[in-house]
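Take a moment to look over the sequence and the 3D structure shown here. We will walk through the chain together, beginning with a pair of side chains and then widening the view.

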Amino acid sequence: TTTTISTTSITAPSTTTTAPSTTSTNLAGVIFPDVPPAHSFYEEIVGLASAGVVSGYEDGLFYPDDLVTRAQFAKIVVLALGKHTAEIDNAATPTFIDVPYTGSDYPFDYVEEAAGLGIIQGYGDRSFGPQANVIRAQLALMLVRAGGSSLLQPPPGYLCPFTDVPAYAREAVRIAFYNGLLSGKTTTTFDPYGKATRGHVAKMVYELRQALGL
């Protein structure tokens with residue numbers, strides 16, 4: 001456990017619709033009405049949907065501007081890496097006190113898998129905060145943990161261009177930026193505490209898969 005916030009989460013459901021599944025069966029070429037080809041994250045969202053990593057809501061929309069929770073990101077990143085298995089891990093001994101096994105694989109099994117892969121961490125009291133929204137600094141940490149040694153290491157002297165990144169996330173942001181996994185809000189600001197949207201998460205996870213050759 002750690003006293004810093006964990007770095008996991010995925011797409012947060014709209015408050016007016018049923019939360020979307022992050023799995024899908026035959027989404028090749030799917031186009032969400034609210035993600036037209038001109039949308040900034042069209043390629044990334046459709047690419048992940050085609051790979052069965054994300055899907056839309058029951059009304060057929062994707063809601064790219066909705067926020068992403070920590071539990072949701074855990075599911076997305078595990079699916080993106082192809083690491084989800086049918087077995088339920090640690091059902092009798094949950095890693096986090098606020099993510100018990102209740103008979104469903106979500107969120108429990110995905111959170112356990114992400115924790116087992118070393119991608120996510122919890123708070124000092126062994127809680128995870130599954131419904132908390134993930135922030136950009138956390139995303140950088142999780143993406144770099146997910147990429148591991150497969151990501152390129154910046155050469156000596158390569159500096160992170162952002163001046164607003166907290167110390168705990170600076171190296172992760174540096175590596176993620178060097179690998180093209182993320183970008184800043186401006187040339188010098190990253191907005192580390194900004195909450196990540198479904199569109200932003202799709203962009204970063206898509207780039208991670210590209211970097212890993214998935």
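**A bridge between two helices**

The side chains of Lys 203 and Glu 44 meet in a salt bridge, with N and O 3.2 Å apart. A salt bridge here is a side-chain nitrogen of Lys or Arg within 4 Å of a carboxyl oxygen of Asp or Glu. Lys 203 lies in helix H6 and Glu 44 in helix H1, so the pair ties together parts that are 159 residues apart in sequence. Helices (H or I, at least four residues) and strands (E, at least two) are DSSP runs, numbered from the N terminus.

Before going on, a word on what you are looking at. This is a predicted model, in which local features need pLDDT of at least 70 and side-chain atom pairs count only at pLDDT 80 or more, while totals for chains, interfaces and linings use all residues. Residues are numbered from 1 along each chain as its sequence is written, and side-chain values use heavy atoms, with hydrogens and water left out.

Now back to our pair: is each partner buried or exposed? Buried means under 20% relative accessible area, exposed means over 50%, and partly exposed is in between (1.4 Å probe, protein chains only). Glu 44 has a relative accessibility of 6% and so counts as buried, whereas Lys 203, at 29%, counts as partly exposed.

Glu 44 has company in H1, where Ile 45, Val 46, Leu 48 and Ala 49 are buried too. The buried residues of H1 pack against H6. Just after H1 comes Gly 52, which has a positive phi near 75°.

The structure holds 4 salt bridges. One of them joins Arg 174 and Glu 171, with N and O 3.0 Å apart. Both residues lie in helix H5, 3 residues apart, about one turn of the helix. It helps to recall that an α-helix has 3.6 residues a turn, so residues three or four places apart point the same way. Arg 174 counts as buried at 15% relative accessibility, and Glu 171 as partly exposed at 41%.

Another salt bridge links Lys 185 with Asp 191, their closest N and O atoms being 3.1 Å apart. Salt bridges that share partners also join Glu 44, Lys 203 and Glu 207 into one network.

**A buried arginine without a bridge**

Next, find Arg 209 in helix H6, which spans residues 198-212. Which side chain of opposite charge is nearest to Arg 209? It is Glu 207, 10 Å away, and Arg 209 is buried yet has no salt bridge. (Lys and Arg count as positive and Asp and Glu as negative; His and the chain ends are not counted.) A polar atom of the Arg 209 side chain does lie 2.8 Å from the backbone oxygen of Ala 80. Leaving aside neighbours within four places in sequence, Arg 209 is in contact (heavy atoms within 4.5 Å) with Leu 48, Ala 51, Val 53, Ala 80 and Leu 214.

**Unusual backbone spots**

Most residues other than glycine have a negative phi, and most peptide bonds are trans. Where does this chain depart from that pattern? Tyr 63, in the loop between helix H1 (42-50) and strand S2 (68-69), has a positive phi of about 55°. Asp 191, which we met in a salt bridge with Lys 185, has a positive phi of about 60° and sits in the loop between helix H5 (167-178) and H6. The peptide bond from Tyr 106 to Pro 107 is cis, with omega near 5°, and Pro 107 lies in the loop between H2 and H3.

Tyr 101 is found in the loop between helix H2 (70-81) and helix H3 (108-116). Its C-alpha atom is separated by 5.6 Å from that of Ala 91, 10 residues apart along the chain. Beyond its neighbours within four places in sequence, Tyr 101 is in contact with Ile 88, Ala 91 and Phe 108.

**The whole chain**

Finally, step back. The secondary structure comes to 6 helices and 2 strands, and read along the sequence it follows the pattern β-α-β-α-α-α-α-α. Of the 214 residues, 48% count as buried. Among contacts with a separation of 6 or more, 77% join residues 24 or more positions apart.

Methods
A polar contact is a pair of N or O atoms within 3.5 Å; within protein, one must be able to donate a hydrogen and the other to accept it, and residues adjacent in sequence count only if both atoms are side-chain atoms.
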